[in-house]
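Trainee: I'm new to this one, and I'd like a close look at a single part rather than a quick tour. Please pick one helix and tell me what surrounds it.

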Amino acid sequence: MIGSSMSENKKALFICLGNICRSPIAEAVFLKTINNAGVADRWEVDSAAIGSWHVGRNPDHRAVATMKKHDLPYNNTARQIKKADFEHYDYIFGMDGENIADLKERAPNGGGKAKILLLGDFDPQQPGAIIRDPYYDKGSDGFEQCYVQCVRCCDGFLAKAQKGEI
């Protein structure tokens, strides 16, 4: 970017088990966060899955309803993380300890360029909290909780990233 203080755009990838519940919500929340901050043109954002079960599918209907409720546009379909993602992205966020362990196991030798981070580490109210998978829940309360946590975490992460603390 000409005239930008950042030499190139930053890239963030949000990961959960199937890419139909938590990571699409986190992706949509972060997109809104960077739009609201006026820095969307400096970021590339996506989400993906650890597993391949839902590749090509839309998010869970409860995730879609939660995103619509909070005016979060979303039109991606599920995809699985690939080795190239570890070199392409600057930050790869897992939602829980199992995601982090799976990401570290899948990372190429040497780890790649991406920093593998627990999204919950950026929650100012509950640092280190996992973002629980609401897939097997009845109703949408777990999806709403996921949204609330993602808002706090994405705000916290962007604040640290803009200060160069990450």
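Mentor: Let's start with a word we'll need: helices here are DSSP runs (H or I, at least four residues), strands likewise (E, at least two), all numbered from the N terminus. This is a predicted model, in which local features need pLDDT of at least 70 and side-chain atom pairs pLDDT 80 or more, while totals for chains, interfaces and linings use all residues. Residues count from 1 along each chain as its sequence is written, and side-chain values use heavy atoms, with hydrogens and water left out.

I'd pick helix α2, which covers residues 61-69. Look first at which of its residues hide. Arg62, Ala63, Thr66 and Met67 are buried, that is, under 20% relative accessible area with a 1.4 Å probe and protein chains only (exposed is over 50%, partly exposed in between). Now look down the axis of α2: those buried residues fall within an arc of 140° (taken from the directions from the helix axis to the C-beta atoms), so they line one face of the helix. Swing round to the other side of α2 and you'll meet His61, Lys68 and Lys69, which are exposed. What covers the buried residues? The cover includes α1, residues 22-36, and also α5.

Next, the two ends. Just ahead of α2 sits Asp60, in the loop between β2 and α2. At the start of the helix, a side-chain oxygen of Asp60 reaches to within 2.7 Å of the backbone nitrogen of Arg62. That's a polar contact: N or O atoms within 3.5 Å, and within protein one able to donate a hydrogen and the other to accept it, residues adjacent in sequence counting only if both atoms are side-chain atoms. So Arg62 turns up twice in this story, as a buried residue of α2 and as the partner whose backbone nitrogen meets the side chain of Asp60.

Asp60 itself is buried, with a relative accessible area of 11%. Leave aside its neighbours within four places in sequence, and Asp60 is in contact (heavy atoms within 4.5 Å) with Ile20, Cys21, Tyr135 and Phe143. At the far end, α2 is followed by Asp71, whose phi is positive, near 55°.

Since α5 helps cover α2, let's follow α5 a little further, to its aromatic rings. The structure holds 12 aromatic pairs: rings of Phe, Tyr and Trp (its six-membered ring) with centres within 6.5 Å, stacked if the planes are under 30 degrees apart, edge-to-face if over 60, tilted otherwise. One of them joins Trp43 and Phe157, edge-to-face, 5.9 Å centre to centre with 70° between the planes. Trp43 lies in strand β2 (residues 43-49) and Phe157 in helix α5 (residues 141-162), so this pair ties together parts that are 114 residues apart in sequence. Both rings belong to buried residues: Trp43 has a relative accessible area of 10%, and Phe157 has 1%.

Another pair is Tyr91 and Phe93, with centres 6.4 Å apart and planes at 25°, so the pair is stacked. Tyr91 is buried at 4%, and Phe93 is buried at 0%. Step back and ring pairs link Phe14, Phe30, Trp43, Tyr91, Phe93, Phe122 and Phe157 into a cluster.
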